[in-house]
Amino acid sequence: MKRSMARGPAIADGSDPLLLAPWVDKPPLVLYLLALAIRTTGVSELSLRLPGMLAGTLTIRDVRPRGECMAAGRGGSRQSL
């Protein structure tokens, strides 16, 4: 217990050896898209949600023709949702 409490000041002042390298748990494209959205629309909740909303919209747009092919032209829109 005391050992973990001793790491607190090291984490707070940035000298913890485990935190010297950046820890990225997301693919880099996501970070770049978020940075681009923040740069173009400013810092807001919308700018952080915008890349995900656009990716979802494009996914539905791309899945619809495949659904129409699988359903032989009937119900492709319904299957894409």
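1. Let's start with one residue you can find easily. Leu29 has a relative accessibility of 55%, so Leu29 counts as exposed, because the exposed class begins over 50%. Please keep in mind as you look around that this is a predicted model.

2. Where does Leu29 sit? Leu29 is found in helix α2, which covers residues 28-41. Leu29 also has partners at the surface: together with Tyr32, Leu33 and Leu36, Leu29 makes a nonpolar patch of about 450 Å². Try colouring these four side chains to see the patch for yourself.

3. Now step back to the whole chain. How many helices and strands does the chain have? The count is 4 helices and 0 strands. Read from the N terminus, the order of elements is α-α-α-α.

4. Next, the surface. The chain has 81 residues, and 10% of them are buried. The exposed area of the chain is about 7200 Å², and carbon and sulfur atoms supply 66% of that area.

5. Here is one of the buried residues. Ala37 is, like Leu29, a residue of helix α2. Is Ala37 buried or exposed? With 7% relative accessibility, Ala37 counts as buried, because buried means under 20%. Leaving aside residues up to four places away in sequence, Ala37 touches Gly42, Ser47 and Pro51.

6. Ala37 also gives us a way to look across to Arg49. These two residues are 12 positions apart along the chain, and their C-alpha atoms are separated by 8.9 Å.

7. Arg49 brings us to the charged side chains. How many salt bridges does the structure hold? There are 2. In one of them, Arg49 pairs with Glu45, and the closest N and O atoms are 2.8 Å apart. Both residues belong to helix α3 (residues 45-70), where a spacing of 4 residues is about one turn of the helix. Arg49 and Glu45 are both exposed.

8. Another salt bridge joins the side chains of Asp62 and Arg61, with an N to O distance of 3.1 Å. How exposed is each partner? Arg61 has 54% relative accessibility and therefore counts as exposed. Asp62, with a relative accessible area of 35%, is partly exposed, because that class lies between 20% and 50%.

9. A small exercise to finish: place Leu29 and Ala37 side by side on your screen. Helix α2 holds both of these residues, yet Leu29 counts as exposed and Ala37 as buried.

Technical notes: Residues are numbered from 1 along each chain as its sequence is written. This is a predicted model: local features need pLDDT of at least 70, side-chain atom pairs count only at pLDDT 80 or more; totals for chains, interfaces and linings use all residues. Side-chain values use heavy atoms; hydrogens and water are left out. Patches are made of residues with over 30% relative accessible area and no salt bridge: like charges are joined within 9 Å, nonpolar side chains (Val, Leu, Ile, Met, Phe, Trp, Tyr) within 5 Å. Accessible areas come from the Shrake-Rupley method with a 1.4 Å probe; for residues, only the protein chains shown count as cover. Helices (H or I, at least four residues) and strands (E, at least two) are DSSP runs, numbered from the N terminus. Buried means under 20% relative accessible area, exposed over 50%, partly exposed in between (1.4 Å probe, protein chains only). Contact means heavy atoms within 4.5 Å.
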